[in-house]
Amino acid sequence: MKNQQSFKPIYFLLTGILTILLANCSQPGYIQQNNLLVANEQTDTAIANYRHLLVEDPDDGELHYQLAKILSRQENYSEAIKSVEKAIIIDHLIDRYQLLAGKIKYTTHDNFEAINHLTNALILNPQYLEVYYYLGLALEKTGQTAKALEQFQAAISIEPLYFDAHLAWVEIKFRQLTQTGLNGTSSPDQDINGKAADSETATDTPGQSGSTRKEFLLLTKRLESALKIEPDSVPGHLLLSKIYYSLGAEYKARILLENWLRDFEHDDRILLAL
């Protein structure tokens, strides 16, 4: 009897915890099932499942959205955008629907449409970090560099450890600086026709040259600090090596990449940069 009495409180406690967990589960069973299929590389089966469910309920925006996510991973962007746009028509107030549409539009180089969707997503959720990131990328592609930098900085302000936003910010600033060159010399990112920066401006205006060099140094410190967040980042180390090169520190750039190869696994991108 005593054991039975002590068992009842534990039973009810466990039952209560299970009930709370189930109640808080945000994903319906069909999403979990199809996510498992995708994880096991049975993507076609998951797609077929969603298409079957949509025949039964074509007005379920979440079904269209989940299908669009899988199609996007398959790089079937034309079908993915159709699916997510149907989800948006059904419910345009879901931020993740707008984000996915924006990401697909950005990936397919439809940057102005990407900006529209991403702006809508940001209105719906001003704390959505990924929206700031992709909006910054799309704005930069349309020549709105200052606004792009603002988006990355906004994301960093919300989450200081958001490495991708740090990297994107530094990359854009680096491109801006290399357009004018350093100390009047050609930058490593000059175009394929060999057109360097306006060397006349750099050589005739020593103050500007010194200012540019100072900006490169500040950029170096910022990226070195960001790489503490993701010390194995290949794009981050490649960009930092370019900045070192721009400062005339070719040896330091080479040591940086050689140390990466020593500390982490083989990567062709690093080897090609050496």
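Let us start inside the protein, where the largest nonpolar core has 42 residues, and Phe-152, Leu-223 and Ile-243 touch the most other members. A nonpolar core here is a set of buried Ala, Val, Leu, Ile, Met, Phe, Trp, Tyr and Cys residues joined through side-chain atoms within 4.5 Å; buried means under 20% relative accessible area, exposed over 50%, and partly exposed in between, using a 1.4 Å probe and protein chains only. This is a predicted model, in which local features need pLDDT of at least 70 and side-chain atom pairs count only at pLDDT 80 or more, while totals for chains, interfaces and linings use all residues. Residues are numbered from 1 along each chain as its sequence is written, and side-chain values use heavy atoms, leaving out hydrogens and water.

Which elements build this core? Two or more residues each come from helices H6 (95-107), H7 (111-124), H8 (129-141), H9 (145-158), H10 (163-180), H12 (206-226), H13 (234-246) and H14 (250-263). H10 gives the most, with 9 residues. Helices are DSSP runs of H or I with at least four residues, strands are runs of E with at least two, and both are numbered from the N terminus.

For a closer look, take Leu-223. Setting aside neighbours within four places in sequence, Leu-223 is in contact (heavy atoms within 4.5 Å) with Leu-167, Val-170, Gly-236, Leu-239, Leu-240 and Ile-243. Another core, of 21 residues, lies apart from the largest one and includes Leu-63, Ala-68, Ala-80 and Ala-101. In soluble globular proteins, nonpolar side chains tend to be buried together.

Now to the charged side chains. The structure holds 10 salt bridges, each a side-chain nitrogen of Lys or Arg within 4 Å of a carboxyl oxygen of Asp or Glu. One of them joins Arg-96 and Glu-62 at 2.4 Å, N to O. This pair links distant parts of the chain, with Arg-96 in helix H6 and Glu-62 in helix H4 (residues 61-73), 34 residues apart. Arg-96 is partly exposed at 30% relative accessibility, whereas Glu-62 is buried at 15%.

Helix H6 also takes part in a pairing with helix H8: Lys-103 lies in H6 and Glu-130 in H8, so their bridge ties together parts that are 27 residues apart in sequence. Their closest N and O atoms are 2.8 Å apart. Glu-130 is partly exposed at 28%, and Lys-103 is partly exposed at 22%.

Finally, where does Lys-105 fit in? Glu-85, Lys-105 and Asp-110 are linked in a network of salt bridges. Between Lys-105 and Asp-110, the closest N and O atoms are 3.5 Å apart. Lys-105 is buried at 13%, while Asp-110 is partly exposed at 28%.
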